[in-house]
Amino acid sequence: MHRFIIVGGGAGGLELATRLGDKFGSADGKRAARARVTLIDRNSTHIWKPLLHEVAAGSLDPFSQELPYAAQARWHGFEYQQGDLLGIDRTARRVTLGPLLDDEAGELVPQRDLEYDTLIVAIGSTTAFFGVQGAQENSLALDTVDQAELFRKRLIAACIRADYRAPEPSTASTDAGVKQPRIQVAIVGGGATGVELSAELRNTAQVLHAYGLHKLDPKHDVGIVLIEAGPRILPALPERVSTATAELLQKLGVQLMTSETVAEVSRDSIRTASGKTIAADLTVWAAGIRAPGVLSTLDGLTTNRLGQLIVRGTLQTEIDDNIFALGDCAACAWPGGEKEGRNVPPRAQAAHQQASFLLKSLERRLEDKPLPDYTYRDFGSLVSLGHFSAVGSLMGGLIGGNMLIEGLFARFMYQSLYRMHIAALHGWARMALDTVAHWLRRSTAPRVKLH
Ligand SMILES: Cc1cc2nc3c(=O)[nH]c(=O)nc-3n(C[C@H](O)[C@H](O)[C@H](O)COP(=O)(O)OP(=O)(O)OC[C@H]3O[C@@H](n4cnc5c(N)ncnc54)[C@H](O)[C@@H]3O)c2cc1C
């Protein structure tokens, strides 16, 4: 039986494992399996990464959205192994997984090897600090649930402290008579993650004020500054989306600093290359991504300057037909893209498309048929501004180009991205149930996770 191994159960990898398992596995035991599908992930549960800024702001409880890989494997006819990808032996067609440790670093399962006929690497990306002094040590990234939860806890602690210490509603002022924030959150990177987090945090401040921190003025005592090196926020999106978003953020009281490159991050401040010092009680680094370092150690597989595996149009790696890569960790050319020489962007939309593409393509591989080339279809980009709004652009033949959307419709479209992911994992009926359950939970749970 053909052995498929998928490493990385994220936006792309878990969708692929689920649908390959449905197609070739034997979840119900009623039919014989046509292939053996194994998913490997370092974690035991999956969460859709674009939700992490909501986790960081406390507006989403991650434990309500996590999906245990072992259960998903049981329901969809694939196998699951927990472990960290350590290496590949391409000749022996083997992947090596690191040992599985418990909370006290005791070994639960030792280092082990698994054999494959086809390997699909989907281990995503990680934050790039670009060697900026102090950035890694003094700021938080949003790559994992643990990091997002750590940020949330620190933010709530800072707000409680500031509220307790203030005898009266804040009267502190600058020389010009403008109130100085008691807590300042600095977000480095004006891309989608930074923008979404800044809007979400404004909502958090309002809710915390309503939930008992009455001395904290949510707009003026919690300062949010978004620092972007380029001349405008959302540099990868059309200019009018960027302008509309900047106006909305300014209305929410988010301070925008563009054309400012961060040169150093310390415990309580940020220094820019132009010589400015910005106070920062909490710093979030959302200024760029790179692929996990392990990819450049994989038995000669070629990587680009971001450390992504270079793949051909078929999503097979440059030098090995048996190894495919998808999602953020793959460098896949985008010939029709806005800029010549650009690769498919690192987005959930691309990971989802590539998983659907590989589902068909891997079936052809089993039948020894030639493999087609993947073409990225850009349906536009949407940026959530929390419960306030969403903004973005829709692209496509139907609307004849690129259309700016904002408000409730944009918010609905943004939320439907996640609903599509849930539908790919559980089917449309369960997705509908999940949506209702989510609304019901929201009506009985606090608007911000406090504990
Ligand atoms: C805060 C935030 C907001 C975002 N918002 C949007 C958005 O609105 N729209 C959008 O399109 N995109 C958004 N993105 C980007 C989007 O999340 C990624 O493009 C997408 O998740 C990539 O999917 P993937 O399958 O390649 O990787 P991931 O979803 O990152 O999954 C990678 C998986 O690999 C596992 N893994 C990693 N290393 C190893 C290893 N060595 N061994 C074993 N397992 C490993 C991880 O545990 C994870 O489960 C956002 C990202 C962030 C951080």
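Me: Does R94 count as buried, partly exposed or exposed, and at what relative accessibility? What is the answer here?

Reply: This is a predicted model. Partly exposed is the class between the buried limit of 20% and the exposed limit of 50%. R94, at 28% relative accessibility, therefore counts as partly exposed.

Me: Which residue forms a salt bridge with R94?

Reply: The general idea comes first. Side chains of opposite charge can pair when their charged atoms come close. In this structure R94 pairs with D113, and their closest N and O atoms are 3.8 Å apart. R94 belongs to strand β7 (residues 94-97) and D113 to strand β10, so the salt bridge ties together parts 19 residues apart in sequence. D113 is partly exposed, with a relative accessible area of 42%.

Me: How many salt bridges does the structure hold?

Reply: The structure holds 19 salt bridges. One of them joins R3 and E115, with 3.2 Å between the closest N and O atoms. R3 sits in strand β1 (residues 2-7) and E115 in strand β10 (residues 112-115), so this pair links parts that are 112 residues apart in sequence. R3 has a relative accessible area of 28% and is partly exposed. E115 also counts as partly exposed, at 44% relative accessibility.

Me: What is the N to O distance in the salt bridge of R312 and D321?

Reply: The side chains of R312 and D321 meet at 2.6 Å, N to O. R312 counts as partly exposed at 31% relative accessibility, and D321 is partly exposed with a relative accessible area of 42%.

Me: Which residues are joined into one network by salt bridges that share partners?

Reply: The network consists of R3, R93, E115 and D117.

Me: Now the ligand. Which residues around the ligand come nearest?

Reply: A residue is counted here if one of its heavy atoms lies within 4 Å of the ligand. There are 30 residues around the ligand, and G12, D41, L85, D328 and A348 come nearest. The shell divides into eleven nonpolar, twelve polar and seven charged residues.

Me: Which atoms of N43, D84 and A348 are paired with atoms of the ligand?

Reply: For N43, an N or O atom of the side chain is 3.2 Å from an oxygen atom of the ligand. For D84, a polar side-chain atom lies 2.9 Å from a nitrogen atom of the ligand. For A348, a polar backbone atom is 2.9 Å from an oxygen atom of the ligand. Taken alone, the ligand exposes 1000 Å², and the protein buries 90% of that.

Me: Which elements give two or more residues to the shell around the ligand?

Reply: These elements are α6 (192-210) and α8 (348-366). The largest share, three residues, comes from α8.

Me: D328 was named beside the ligand. Which side chain does the side chain of D328 join in a polar contact?

Reply: The side chains of D328 and S125 are joined by a polar contact of 2.8 Å. S125 is placed in the loop between β11 (118-121) and β12 (126-127). The limit for buried is under 20% relative accessible area. S125, at 9% relative accessibility, therefore counts as buried.

Me: Which residues form a nonpolar patch on the surface?

Reply: V436, W439 and L440 form a nonpolar patch, with about 350 Å² of accessible area together. L440 is found in helix α10 (residues 428-444). With a relative accessible area of 55%, L440 is exposed.

How values were computed. Residues numbered from 1 in each chain as written. Predicted model: local features only at pLDDT ≥ 70, side-chain atom pairs only at ≥ 80, totals over all residues. Heavy atoms only, no water. Patch = residues over 30% accessible without salt bridge, like charges linked within 9 Å, V, L, I, M, F, W, Y side chains within 5 Å. Areas by Shrake-Rupley, 256 points an atom, 1.4 Å probe, with all protein chains shown as cover. Salt bridge = Lys/Arg side-chain N within 4 Å of Asp/Glu carboxyl O. Helix = DSSP H or I, 4+ residues; strand = E, 2+ residues; numbered from the N terminus. Buried < 20%, exposed > 50% of the residue type's maximum accessible area, 1.4 Å probe, protein only. Polar contact = N/O pair within 3.5 Å; in protein donor to acceptor, adjacent residues only side chain to side chain. Nonpolar A, V, L, I, M, F, W, Y, C, P; charged D, E, K, R; others polar.
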